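I opened this notebook to keep track of what I looked up in the structure, going from one residue outwards to the whole chain and back to single contacts.

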Amino acid sequence: MPNLGFPEIMIILVVALLVFGPKKLPDLGRSLGNGIREFRKGTQGLKAELEGSLKPDEVPAPLVAEPVRLTKQADAKV
């Protein structure tokens, strides 16, 4: 994808101004900014959740059963 220079950006802005008009253009920019902000919040929340679940510190220890000791009395009862 080629980089956009100053002349290309100016052409895009002039076309947007002609298509949407001077009254509608600020509303479109505001709604676009809000959409981008919400998208960033969502991706940051997902990233934090994934990083939190992958930390080795928070991995629960495996359950280990204690060994059973057999005494002479337990052998006699069996």
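In which helix does Leu-18 lie? I looked this up before anything else, keeping in mind that the model is predicted, and I found Leu-18 in helix H1.

**Entry 1: Leu-18 and its surroundings.** I next asked whether Leu-18 is buried or exposed. Its relative accessible area is 72%, and because the cut-off for exposed is over 50%, I entered Leu-18 as exposed. I then looked for a surface patch around this residue, and I noted that Leu-18 belongs to a nonpolar one together with Ile-11, Val-14, Val-15, Val-19, Phe-20 and Leu-28, the accessible area of the group coming to about 680 Å². Helix H1, which covers residues 6-20, supplies the largest share of that patch, namely six residues.

**Entry 2: helix H1 itself.** I checked the length of H1 and found 15 residues spanning 21 Å from the first C-alpha to the last, which is close to the 21 Å expected at 1.5 Å a residue. Just after H1 I came to Gly-21, and I wrote down that its phi is positive, near 90°.

**Entry 3: the chain as a whole.** I counted three helices and zero strands in the protein chain, and reading along the sequence I recorded the pattern as α-α-α. How many of the 78 residues count as buried? I found that the share is 1%. For the accessible surface of the chain I noted about 7900 Å², with 66% of it belonging to carbon and sulfur atoms.

**Entry 4: confidence.** I looked up the pLDDT and found that the chain averages 81, with 76% of the residues scoring at least 70. Among the elements, H1 has the highest mean, 92, whereas helix H3 (residues 72-77) has the lowest, 57, and I marked H3 accordingly in my margin.

**Entry 5: the salt bridge.** I searched for salt bridges and the structure holds one. Which side chains meet in it? They are those of Asp-27 and Arg-30, at 2.9 Å from N to O. I reminded myself that side chains of opposite charge can pair when their charged atoms come close. The two residues sit three apart in helix H2 (residues 25-53), so they are separated by about one helical turn. Asp-27 has a relative accessible area of 39%, and I therefore entered Asp-27 as partly exposed, since this falls between the cut-offs of 20% and 50%.

Methods. Residues numbered from 1 in each chain as written. Predicted model: local features only at pLDDT ≥ 70, side-chain atom pairs only at ≥ 80, totals over all residues. Heavy atoms only, no water. Patch = residues over 30% accessible without salt bridge, like charges linked within 9 Å, V, L, I, M, F, W, Y side chains within 5 Å. Areas by Shrake-Rupley, 256 points an atom, 1.4 Å probe, with all protein chains shown as cover. Salt bridge = Lys/Arg side-chain N within 4 Å of Asp/Glu carboxyl O. Helix = DSSP H or I, 4+ residues; strand = E, 2+ residues; numbered from the N terminus. Buried < 20%, exposed > 50% of the residue type's maximum accessible area, 1.4 Å probe, protein only. pLDDT = per-residue confidence, 0-100. Expected span 1.5 Å × (residues − 1).
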